Amino acid sequence: MVVSQREFMDMVTSIKQDLIGGSEAAESLFQPLSEYLNRNSGTVVSLLVTGAQHTQRRGSWDDDDDDDDVCPRSQLGLQDIDIEEVLVYLQLFKNVSVHFLLGWQEVTEYVCAVTKALSKRPFQALCGSTDLGFCLDGSWSGGVRVDGSGRGLIQVWTRQIQQLNRVSAAMATAVTSAYPSPSLLLQAYEEAKSEEEQRKLLADLTVKGGAKERRVGPELSNRVHRLMTSQNPQLVLD
């Protein structure tokens, strides 16, 4: 909400009279603003005061040229403490933040800054979310660097298999060691004589590591087959 300095001073007077009580508050833009906030609970409003020749940084609310025609505080009986009280009241009880700007150039810069910040909020919220079912916790989930020669693709392929539930790094490595790329695995599926043979293609692969030798097994072999060949995007692999 953009208001002039004169309109803001009228709002300060109206709010002070309303807080003191005993007399009817002077008419100002505070009345429609207050009605809007009552209808829209929880809304945060930024009040931009333009044409202000004073700033809080200078420690004074006086004009540079002390022109009472621009801001006749002496006629309104307003003190610095009055304005400070109104600012606190607006911030705490109305969720209204007040910003004093010199002109429309600063208004434009403020609107651009707020718009940029709001546009980044959905992305930042997703970055901070850990509710992605396909992104498991652990140091391996940080990504793999792949250079121009293709170095690192085998690690990407291994981690793709590892994203399946209950698949350890050793089991994924067993699959990708036998078939170093997805295309080689698809080619092996095409060369199989039956779909049953395709499902069991990976079952007898040896998983290295551990005290005793073990196999990939038919259950994981079947899940990898569904992952690589299914045309149904709604299919549950697990």
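Leaving aside its neighbours within four places in sequence, which residues is threonine 50 in contact with? Keep that one in mind; we'll get to it after a quick look around.

**Stop 1: the whole chain**

Start with everything shown as a cartoon. This is a predicted model, so colour it by pLDDT. The mean over the protein is 79, and 79% of the residues reach 70 or more. You should be able to pick out 10 helices and 5 strands. Of the 238 residues, 31% are buried. Among contacts with a separation of 6 or more, 55% are between residues 24 or more positions apart.

**Stop 2: the confidence extremes**

Now select residues 54-77. Through this stretch pLDDT stays under 50, and the model has 36 contacts beyond four places in sequence for it. Helix 3 (residues 73-76) has the lowest mean pLDDT among the elements, 41, while helix 8 has the highest, 92. We'll come back to helix 8 later on.

**Stop 3: the three-stranded sheet**

Select residues 2-4 for strand 1, 45-50 for strand 2 and 96-100 for strand 3. Together they make an open sheet in the order 1-2-3, paired in parallel. Strands 1 and 3 stand at the edges with a single partner strand each, so each has one side without a neighbour in the sheet. Going from one strand to the next, the twist averages 30 degrees. Add helix 1 (residues 5-20) to the view: this helix packs on the sheet, touches strands 1, 2 and 3, and its direction makes about 90 degrees with that of strand 1.

Next, zoom in on the pairings. Strand 1 is joined to strand 2 by 3 bridges, and one pair to click on is valine 3 with its bridge partner in strand 2, valine 49. On the other side, 5 bridges join strand 2 to strand 3. Here, try leucine 47, whose bridge partner in strand 3 is valine 98.

How many residues of strand 2 are buried? Colour by accessibility and you'll find 5 of its 6, so to speak a mostly covered strand. Strand 3 is mostly covered too, with 4 of its 5 residues buried. While you have side chains on, remember that in a regular strand they alternate between the two faces of the sheet.

**Stop 4: threonine 50**

Back to the opening puzzle. Threonine 50 sits in strand 2. Show what surrounds this residue and, with neighbours within four places in sequence left out, threonine 50 is in contact with Val2, Val3, Ser4, Gln5, Leu101 and Val107. Is threonine 50 buried or exposed? Its relative accessibility is 12%, and because buried means under 20%, threonine 50 counts as buried. Draw a distance from its C-alpha atom to that of phenylalanine 100: the two are 50 residues apart along the chain but separated by 6.3 Å.

**Stop 5: two loop residues with positive phi**

Select asparagine 95, in the loop between helix 4 (80-93) and strand 3. Its phi is near 55 degrees, a positive value in a residue other than glycine. Asparagine 95 is partly exposed, with a relative accessible area of 33%.

Then jump to arginine 166, in the loop between helix 6 (153-162) and helix 7 (169-178). Phi is positive for arginine 166 as well, near 60 degrees, and again the residue is not glycine. Arginine 166 counts as exposed, with 56% relative accessibility.

**Stop 6: helix 8 against helix 10**

Finish with residues 182-191 (helix 8) and 218-229 (helix 10). At what angle do helix 8 and helix 10 pack? The angle is about 100 degrees, with the axes 11 Å apart. The two helices are therefore roughly perpendicular to each other. To see the contact, show side chains for Pro182, Leu185, Leu186 and Tyr189 on helix 8, and for Ser221, Val224, His225, Met228 and Thr229 on helix 10. Colour these contact residues by type and you get 6 nonpolar, 3 polar and no charged.

Key:
Residues are numbered from 1 along each chain as its sequence is written. This is a predicted model: local features need pLDDT of at least 70, side-chain atom pairs count only at pLDDT 80 or more; totals for chains, interfaces and linings use all residues. Side-chain values use heavy atoms; hydrogens and water are left out. Buried means under 20% relative accessible area, exposed over 50%, partly exposed in between (1.4 Å probe, protein chains only). Two strands pair if DSSP finds at least two bridges between them. Contact means heavy atoms within 4.5 Å. Axes are lines fitted to C-alpha atoms, for helices over the stretch in contact, and angles run from 0 to 180 degrees between N-to-C directions. Angles under 35 degrees count as roughly parallel, over 145 as roughly antiparallel, 65 to 115 as roughly perpendicular and the rest as oblique. Ala, Val, Leu, Ile, Met, Phe, Trp, Tyr, Cys and Pro count as nonpolar, Asp, Glu, Lys and Arg as charged, and the others, Gly among them, as polar. pLDDT is the predictor's confidence in each residue, from 0 to 100.
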